[in-house]
Amino acid sequence: MKTINPENKVKSLYEYQKRDLAEIFDRINNEDDDYNLLYQLPTGGGKTVIFSEIVRKYIKEKQKKVVILTHRIELCKQTSKMLHGFDVNNKVINSKVKELNDQNEYQCFVAMVETLNNRLQEDKLELQDIGLVIIDEAHYNSFRKLFKYFEHCFILGVTATPLSSNFKLPMKDNYKELIVGDSITSLVEQGFLAQAVTHTYDVGLSGLTIGMNGDYTVKSSEKLYIDTNMQEKLLQSYNDVCKGKKTLIFNNGIRTSIEVEETFKRAGLEIRHLDNTNSKEERKEILKWFKNKPDAILTSVSILTTGFDEPSVDCIILNRATKSLTLYYQMIGRGSRIYKNKTEFNIIDLGNNVARFGLWNEPVDWQQVFRSPDFYVENIVTDEEIERNFVYRLPAHVKAEFPNTKEFSFDIKGAYKRITKENRKSKYVLDESIEQHVQWCVENSEDVFDARILAKLLKDDIKDRIRRYSYCIINNTNNYKDWLEEDYYRRLRMAIQQEFAGVESE
């Protein structure tokens, strides 16, 4: 056999990795040869390092071969390189490999799931003496089709999130047990992952629709995130938190990402866009630029969630909403690597994802998620619940335009309770709200024209008040809220006009 690592410098494992390795090998040694085991470890915890050592140790002790399955070619290459570092002689089975006449020269095979499935279906390959199959990113359901070819092998699935990508096909149906590794908090405290500083911005998601895969559709996401207001919110959040830092932006649509690129360019910022339509050469050039430029901004469409490792990333912007717990952790994980003097990184959430899933480093009972995925999914906070708890505050730059105003709050819910208790119609809540907005505009203006300019600055405040009012009257349809907003703004302008007309007549 070929000598892969002539100096025999096998990588060493950290204590938490050694502990997990020992527990996994306990199952390999004491359970049946066809046992299916699942192992969870956070992104950045070194899953590839651990299963590479498992491969080395397994081959040495069991004298059998190993197959490692991945779902992306980048992961195949990274895994093969890591295995070489562990002195494991391996071969990548990609689309160019039609037969395995040289399989006796190798101890381990790294394969794309679709490629291997096609070869096995065509009877082009016959893998011999395989004792262990390792499945990377095991939450993807594409691997299930290959289980039938390895019925007599020990199968080890590895994932950061033991929640199936298809809720109808839970992982507990294919794996008999889950071993949970160190938590994110533990890895941060030990200095293996960077500390996250999270910045959240309330975003109304009522216009989004859920697709067949259980996540928000690209079409509805594009409509929301291409909107000028959302583009401005994204740019403002970048300037507030990430300016001058290496930033990775995740979007749910190519049109959105391209629009982000244009928005940032118009603001004089250097940014590049990347999606799965870029050629291999373009992708390589863009990622090289991103790596070498300290304050680079890269906007992308999910393509960099797996198989991409750039530890110098300082800021992650979630310019999208997702219902996928796995995707949530994958996106944030791109910024969690320790690098030189980097001990923390920033997360900007523009999709209410933190409210939906919790902070990135919050404890998760992965055993419960594994055993009762339906219970977990059913108890994810809904968008309506999230939006009910929004607390809108006038931005400082807006308040600055109303220097003569002292009180900026208005209790919609309290006004609704008081007015209905007085047996008056609920519409009087909005009448009182409009009166307050009129006062703001008038007391800070010289004339009606100035007041109307100020009224335009209140559109977000008006939107928030309409949202809270619609919850009170239990009429939360988008069409009705849109009509209320338009009517409110029209009445506000008329009231301002009348106020100044009255002043002039006096």
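How many nonpolar, polar and charged residues are there in the lining of the second largest pocket? Let's keep that one in mind while we walk through the model, which is a predicted one, and come back to the pocket once its surroundings are familiar.

A good place to start is the sheet of seven strands. This sheet is open, its pairing is parallel, and its strands follow the order S3-S4-S2-S5-S6-S1-S7. Strand S3 (90–93) and strand S7 (177–180) are found at the edges; each has a single partner strand, so one side of each lacks a neighbour in the sheet. If you look from strand to neighbouring strand, the turn between them is 20 degrees on average, direction ignored. For a closer view of one edge, follow S3 to its pairing with strand S4 (residues 108–112): the two run in the parallel sense and share four bridges. Along this pairing, Ile93 has Ala111 in S4 standing opposite.

Now add a helix to the picture. Helix H3 (residues 73–85) lies across strand S2 (65–70), S3, S4 and strand S5 (130–136), and it runs at about 165 degrees to S4. Keep an eye on H3, as it will turn up again at the pocket.

The second sheet to visit is also open and has parallel pairing, with six strands in the order S8-S13-S12-S9-S11-S10. Which strands stand at its edges? They are strand S8 (195–200) and strand S10 (271–274), and because each has a single partner strand, one side of each is left without a neighbour in the sheet. From one strand to the next, the twist averages 20 degrees. Helix H9 (residues 280–292) packs on this sheet and touches S9, S10 and S11, its direction making about 145 degrees with that of S10. H10 packs on the sheet as well, touching S9, S12 and strand S13 (344–349), and its direction makes about 150 degrees with that of S12.

Within this sheet, strand S9 (residues 247–250) deserves a pause. Four bridges join S9 to strand S11 (residues 297–300), and the two run parallel. Another four bridges pair S9 with strand S12 (residues 315–318), again in the parallel sense. Thr247 takes part in both pairings: its bridge partner in S11 is Ile297, while in S12 its bridge partner is Cys315. The faces of S9 are both covered, with Thr247 and Ile249 buried on one side and Leu248 and Phe250 buried on the other.

Moving over to S11, we meet Thr299. Is Thr299 buried or exposed? Its relative accessible area is 0%, so Thr299 counts as buried. Beyond its neighbours within four places in sequence, Thr299 has contacts that include Ile249, Asn251, Val260, Arg272 and His273. Ile271 is another of its contacts; the two residues are 28 places apart in sequence, yet their C-alpha atoms are 7.4 Å apart in space.

Helix H10 (residues 325–333) is mostly covered, with nine of its nine residues buried. Among these buried residues are Leu325, Tyr328, Gln330 and Met331.

One more stop before the pocket is Ser52, which sits in helix H2. Ser52 is buried, given its relative accessible area of 0%. Leaving out residues up to four places away in sequence, Ser52 touches Met82, Leu83, Phe86 and Val88.

That brings us to the second largest pocket, whose volume is about 1000 Å³. It is lined by 38 residues, and those closest to its centre are Gly46, Thr48, Met82, Asp309 and Arg337. Met82 is thus both a contact of Ser52 and one of the residues closest to the centre of this pocket. Helix H1 (15–30), helix H2 (47–62), H3 and H10 each supply at least two residues of the lining. Which of the helices gives the largest share? It is H3, with seven residues.

And so to the opening question: by class, the lining of the second largest pocket holds 11 nonpolar, 18 polar and nine charged residues.

Methods
Residues are numbered from 1 along each chain as its sequence is written. This is a predicted model: local features need pLDDT of at least 70, side-chain atom pairs count only at pLDDT 80 or more; totals for chains, interfaces and linings use all residues. Side-chain values use heavy atoms; hydrogens and water are left out. Two strands pair if DSSP finds at least two bridges between them. Axes are lines fitted to C-alpha atoms, for helices over the stretch in contact, and angles run from 0 to 180 degrees between N-to-C directions. Contact means heavy atoms within 4.5 Å. Buried means under 20% relative accessible area, exposed over 50%, partly exposed in between (1.4 Å probe, protein chains only). On a 1 Å grid over the protein atoms alone, a cavity is a set of points where a 1.4 Å probe fits but cannot get out, and a pocket is an open set with protein on both sides within 12 Å along at least five of seven lines; lining residues have an atom within 4 Å of a point. Grid points are joined across faces, edges and corners, and a volume is the space filled by probe spheres set on the points. Ala, Val, Leu, Ile, Met, Phe, Trp, Tyr, Cys and Pro count as nonpolar, Asp, Glu, Lys and Arg as charged, and the others, Gly among them, as polar.
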